[in-house]
Amino acid sequence: MNRFITFEGIEGCGKSTQIRLAAQYLIEKNISMRQTQEPSGTDIGRKIGGILFNRGHHAMCSETEVLLFFAARAQHVREVIIPALAEGQWVLCDRFSDATFAYQGAGRGLDLAFLNRINDYCAPQLKPVMTLLFDCPVEIGLERAKKRDDQLENPAFSDRFEREKVEFHNRVRQGYLRLSQEDPARFRLIDAARDEHSIQQDVRACIQECIGSFNPVG
Ligand SMILES: Nc1ncnc2c1ncn2[C@@H]1O[C@H](COP(=O)(O)OP(=O)(O)OP(=O)(O)O)[C@@H](O)[C@H]1O
Ligand SMILES: [Mg+2]
């Protein structure tokens with residue numbers, strides 16, 4: 001059993017907002033946890049992310065893209081996730097392997113069997129105990145992400161993925177939904193088109209369910 005929970009979903013669905021609130025919730029409960037994210041959960045991953053998200057890199061082919069994400073994951077798993085789990089911490093991670101299957105598999109059309117093999121190499125035996133999938137229409141997610149990025153000091157930092165066409169994001173969304181249907185025991189599907197507070201209530205219930213399964217209340 002592990003204490004590894006991942007947060008997944010399309011651009012702007014609210015993963016980072018909700019993982020922050022979930023982390024606060026665990027801190028309030030005095031539960032030891034580590035909040036992290038892909039690909040930028042390590043120094044090396046941040047540098048890889050700089051290459052991946054640079055919107056000037058329109059020449060990047062899908063094969064390069066996926067291998068860079070995998071390189072960041074291999075580092076992240078060994079440097080951050082496994083040590084934190086070994087210490088008995090809960091690990092909340094903003095995007096993980098499912099993102100690769102949804103974006104590079106369903107979105108870019110790369111071979112899923114191949115992605116599975118490389119993923120096993122980068123993150124051996126590491127499967128989240130629970131994955132929260134924040135689902136909303138692509139238009140809502142992209143609009144939220146756009147609003148967020150318009151407030152950046154330098155809007156040029158909005159990333160390469162947000163500039164993809166709506167059809168790409170729809171394939172990613174459908175890819176995520178398929179993954180959740182294939183593994184209903186692990187996934188919790190959350191309607192992310194609602195307000196932050198309602199979503200937060202659902203997230204808390206999921207986290208509570210997870211924690212409860214480790215520390216049955218007497
Ligand atoms: N339920 C919500 N309703 C309206 N706006 C929201 C909601 N949740 C988050 N937001 C806002 O939408 C924007 C995107 O949210 P957030 O950054 O959490 O999404 P994300 O899924 O992490 O996006 P990305 O995939 O780009 O990392 C932020 O400005 C955030 O404040
Ligand atoms: Mg985010």
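This note goes through the predicted model point by point, from overall fold to sheet, helices, ligand shell and two single residues.

1. **Overall dimensions.** The chain has 218 residues and a radius of gyration of 17 Å, which agrees with the value near 17 Å for a compact globule of that length. Along the principal axes, the C-alpha atoms fill a box of roughly 55 × 40 × 35 Å. Buried residues account for 36% of the chain.

2. **Secondary structure.** The chain has 8 helices and 5 strands. In sequence order they read β-α-β-α-α-β-α-α-β-α-α-β-α. Take the contacts between residues at least 6 apart in sequence: 81% of them join residues at least 24 apart.

3. **Sheet order.** The 5 strands make an open sheet, ordered β2-β3-β1-β4-β5, with parallel pairing. β2 (33-37) and β5 (187-191) are the edge strands, each pairing on one side only. From one strand to the next, the twist averages 20°.

4. **The β2 and β3 side.** β2 and β3 (residues 90-94) run parallel and are joined by 5 bridges. Here Q35 stands opposite L92 of β3. β3 also pairs with β1, again in the parallel sense, over 4 bridges. In that pairing T6 faces C93 of β3.

5. **The β4 and β5 side.** β1 pairs with β4 in the parallel sense over 5 bridges. T6 has T131 as its bridge partner in β4. T6 is thus worth locating in the model: it stands opposite C93 in β3 and is bridged to T131 in β4. Further along, 5 bridges join β4 to β5, and these two strands run parallel. F134 stands opposite I190 in β5.

6. **Burial of β3.** How many of the residues of β3 are buried? The count is 5 of the 5, so the strand is largely enclosed by the rest of the structure. In a regular strand, side chains alternate between the two faces of the sheet. Both faces of β3 are covered. W90, L92 and D94 are buried on one side, V91 and C93 on the other.

7. **Helices over the sheet.** α1 lies across β1 (4-9), β2, β3 and β4 (130-135). Its direction is at about 165° to β3. Helix α3 (residues 62-86) lies across β1, β2 and β3. The angle between α3 and β3 is about 155°.

8. **Ligand shell.** Ligand 1 is surrounded by 15 residues. The closest are G14, S16, T17, R144 and R148. Which helices each supply at least two residues of the shell? They are α1 (15-28), α6 (138-150) and α8 (196-214). α6 gives the most, with 4 residues. By character, the shell divides into 7 charged, 5 polar and 3 nonpolar residues.

9. **K15.** This residue sits in helix α1. Is K15 buried or exposed? K15 is buried, because 24 other C-beta atoms lie within 10 Å and the threshold is 20 or more. Leaving aside neighbours within four places in sequence, K15 is in contact with F7, E8, G9, D94, R95 and F134. Among these partners, D94 is one of the buried residues of β3, and F134 is the residue opposite I190 in β5. D183 is 168 residues from K15 in sequence, and their C-alpha atoms are 20 Å apart.

10. **L112.** L112 is found in helix α5 (residues 112-122). L112 counts as partly exposed, because 15 C-beta neighbours lie inside 10 Å. Setting aside neighbours within four places in sequence, L112 is in contact with F101 and G105. Y176 is 64 residues away along the chain, with 13 Å between the C-alpha atoms of L112 and Y176.

11. **Points to check in the viewer.** Start with the strand order β2-β3-β1-β4-β5. Then look at β3, with both faces covered. Next, follow α1 across β1, β2, β3 and β4. Finish at ligand 1, where G14, S16, T17, R144 and R148 are the closest residues.

Note on methods. Residues are numbered from 1 along each chain as its sequence is written. Chains are lettered from A and ligands numbered from 1 in the order in which they are written. This is a predicted model: local features need pLDDT of at least 70, side-chain atom pairs count only at pLDDT 80 or more; totals for chains, interfaces and linings use all residues. A residue is near a molecule or strand if its C-beta atom, placed from the backbone, lies within 6 Å of it. Ala, Val, Leu, Ile, Met, Phe, Trp, Tyr, Cys and Pro count as nonpolar, Asp, Glu, Lys and Arg as charged, and the others, Gly among them, as polar. The radius of gyration is taken over C-alpha atoms; the globule rule is 2.2 Å times the number of residues to the power 0.38. A residue is buried if 20 or more other C-beta atoms lie within 10 Å of its own, exposed if 12 or fewer, and partly exposed in between; C-beta atoms are placed from the backbone. Two residues are in contact if their C-beta atoms, placed from the backbone, lie within 7 Å. Two strands pair if DSSP finds at least two bridges between them. Axes are lines fitted to C-alpha atoms, for helices over the stretch in contact, and angles run from 0 to 180 degrees between N-to-C directions.
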